[in-house]
Amino acid sequence: MTDETTRAGFVALIGEPNAGKSTLLNRMVGAKVSIVTHKVQTTRARIRGVAMEGAAQLVFVDTPGLFQPKRRLDRAMVAAAWGGAADADIVVLLIEATRGLTEGVETILTALEERRRPGQPVLLAINKIDRVQAEVLLALTEKLNKRFAFNGTFLISAEKGHGVADLKADLAGRLPEGPWLYPEDQIADLPLRMIAAEVTREKLTLRLHQELPYQLTVETEGWEEREDGSVRIDQIIYVLRDGHKGIVLGKKGETTKAVGQAARKDLETFLERRVHLFLQVKVRPGWLDDAERFDAMGLDFKDGNS
Ligand SMILES: Nc1nc2c(ncn2[C@@H]2O[C@H](COP(=O)(O)OP(=O)(O)OP(=O)(O)O)[C@@H](O)[C@H]2O)c(=O)[nH]1
Ligand SMILES: [Mg+2]
């Protein structure tokens, strides 16, 4: 036992869609808590992951990407992201090294200048450094620090792990002193049913093309612990149109079948037990304007008001 002072607090990860926020959260936590795809707008709600660094407990808040919202769902997502930043002790802005200071980043920085609480640290994390030359990073670091008063800059690869330990240590040192917020062994603060639904949505997003992933949602309907230690999970995939249902099912149901298999595998790893996963596809034309669906996603329906 050491008598080191305990620290705890919230670290919000914000940035443009696809910047690598969820990848970073998973790496910090050491488990796959938040889903990751190569497509934009993968994360839809705030997802908390808990990591320890010595006597400090860091609660990372993954947020939906910040972009120009068009639909109700988009507006609710962006509101959830800014809400995450507002509540956080520290904000980390992730920027893609390959894209640099885009118009989208520019918009985020302007908003951040207005929203930042007095004294709230904002760190810059330039991500995906495995994909650019060192000179590019140097120039980008300078440019971004001229543009905004960051409290620190970190060059990282969330995927490969470069620079992540330094960032974590720095964050831990900035947290306020206080008791831990979660039990030491807890890694996520999201109902298992929701994590399970997210895993299936990840597999659907990876398999389906174009707009379809943005027009569906997954909900866990049933969760039954069985005597043999396995669990039966029933989920519904809501789509907007009949045509979408056909695509999600695929020929002879082969798409849903493949999605179910991939999701089950991940869930078995996460839950450390056998999983029986049953997927059903339902057409619900108005789900994108249905308050209940937003609740299930962990979003505030009213935030979507234009
Ligand atoms: N090369 C490389 N790719 C990365 C790195 N970090 C993340 N990625 C990839 O970038 C893509 C987006 O990652 P996500 O973690 O889903 O990004 P996000 O910011 O959470 O995206 P949204 O949830 O849509 O806002 C995925 O294909 C990741 O594998 C990195 O350090 N290097
Ligand atoms: Mg994400």
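Colleague: What makes E8, E9 and E10 an open sheet, and which strands stand at the edges?

Modeller: In this predicted model, three strands line up in the order E8-E9-E10, with mixed pairing. Strand E8 (217-225) and strand E10 (275-283) each have a single partner strand, so one side of each is left without a neighbour in the sheet. On average, neighbouring strands here are turned by 20° against each other, direction ignored.

Colleague: How do you know that E8 and E9 pair?

Modeller: Two strands pair if there are at least two bridges between them. Eight bridges join E8 to strand E9 (residues 231-239), and the two run antiparallel, so they count as paired. As an example to look for, Thr-220 stands opposite Gln-235 in E9.

Colleague: Which helices go with this sheet?

Modeller: Helix H6 (residues 192-207) packs on the sheet and touches E8, E9 and E10, with its direction at about 130° to that of E8. Helix H7 (residues 242-249) lies across E9 and E10, running at about 155° to E10.

Colleague: Where is the sheet of seven strands open?

Modeller: The order there is E6-E5-E4-E1-E3-E2-E7, again with mixed pairing. Strand E6 (152-155) and strand E7 (188-189) stand at the edges with a single partner strand each, so each has one side without a neighbour in the sheet.

Colleague: What makes E5 and E6 a pair?

Modeller: The cut-off is at least two bridges. Strand E5 (residues 122-127) and E6 have four, in the parallel sense, so they meet it. You can find Leu-123 opposite Gly-152 in E6. Helix H2 packs on this sheet, touching E1, strand E3 (56-62) and strand E4 (90-96), and its direction makes about 145° with that of E1. Helix H5 (residues 164-174) packs on the sheet too, with E2 and E6 among the strands it touches, and makes about 90° with the direction of E2.

Colleague: Why is Asn-18 called buried?

Modeller: A residue is buried if 20 or more other C-beta atoms lie within 10 Å of its own. Asn-18 has 21 such neighbours, so it counts as buried. Asn-18 is found in the loop between strand E1 (7-15) and helix H1 (21-29).

Colleague: And is Lys-252 buried or exposed?

Modeller: For exposed, the limit is 12 or fewer. Lys-252 has 8 other C-beta atoms within 10 Å, so it is exposed. Lys-252 is found in the loop between H7 and helix H8 (254-271).

Colleague: What is notable about phi in these two residues?

Modeller: Most residues other than glycine have a negative phi. Asn-18 has a positive value near 80°, and Lys-252 has a positive phi of about 55°.

Colleague: How do you know that the largest nonpolar core lies between the two domains?

Modeller: Domain 1 (7-174) and domain 2 (191-304) both give residues to this core, so it lies between them. Of its 80 residues, Val-11, Leu-13, Leu-58, Phe-60 and Leu-93 touch the most other members. Helix H2 (residues 72-87) gives the most to the core, with seven residues. Leaving aside neighbours within four places in sequence, the contacts of Phe-60 include Val-11, Leu-13, Leu-25 and Met-28.

Colleague: How far apart are the centres of the domains, and how many residues make the contact?

Modeller: The C-alpha centres of domain 1 and domain 2 lie 27 Å apart. The contact takes 17 residues from domain 1 and 19 residues from domain 2. On the side of domain 1 that touches domain 2, seven residues are nonpolar, three polar and seven charged.

Methods: Residues are numbered from 1 along each chain as its sequence is written. Chains are lettered from A and ligands numbered from 1 in the order in which they are written. This is a predicted model: local features need pLDDT of at least 70, side-chain atom pairs count only at pLDDT 80 or more; totals for chains, interfaces and linings use all residues. A nonpolar core is a set of buried Ala, Val, Leu, Ile, Met, Phe, Trp, Tyr and Cys residues joined through C-beta atoms within 7 Å. Domain bounds come from an automatic or database domain assignment. Two residues are in contact if their C-beta atoms, placed from the backbone, lie within 7 Å. Axes are lines fitted to C-alpha atoms, for helices over the stretch in contact, and angles run from 0 to 180 degrees between N-to-C directions. Ala, Val, Leu, Ile, Met, Phe, Trp, Tyr, Cys and Pro count as nonpolar, Asp, Glu, Lys and Arg as charged, and the others, Gly among them, as polar.
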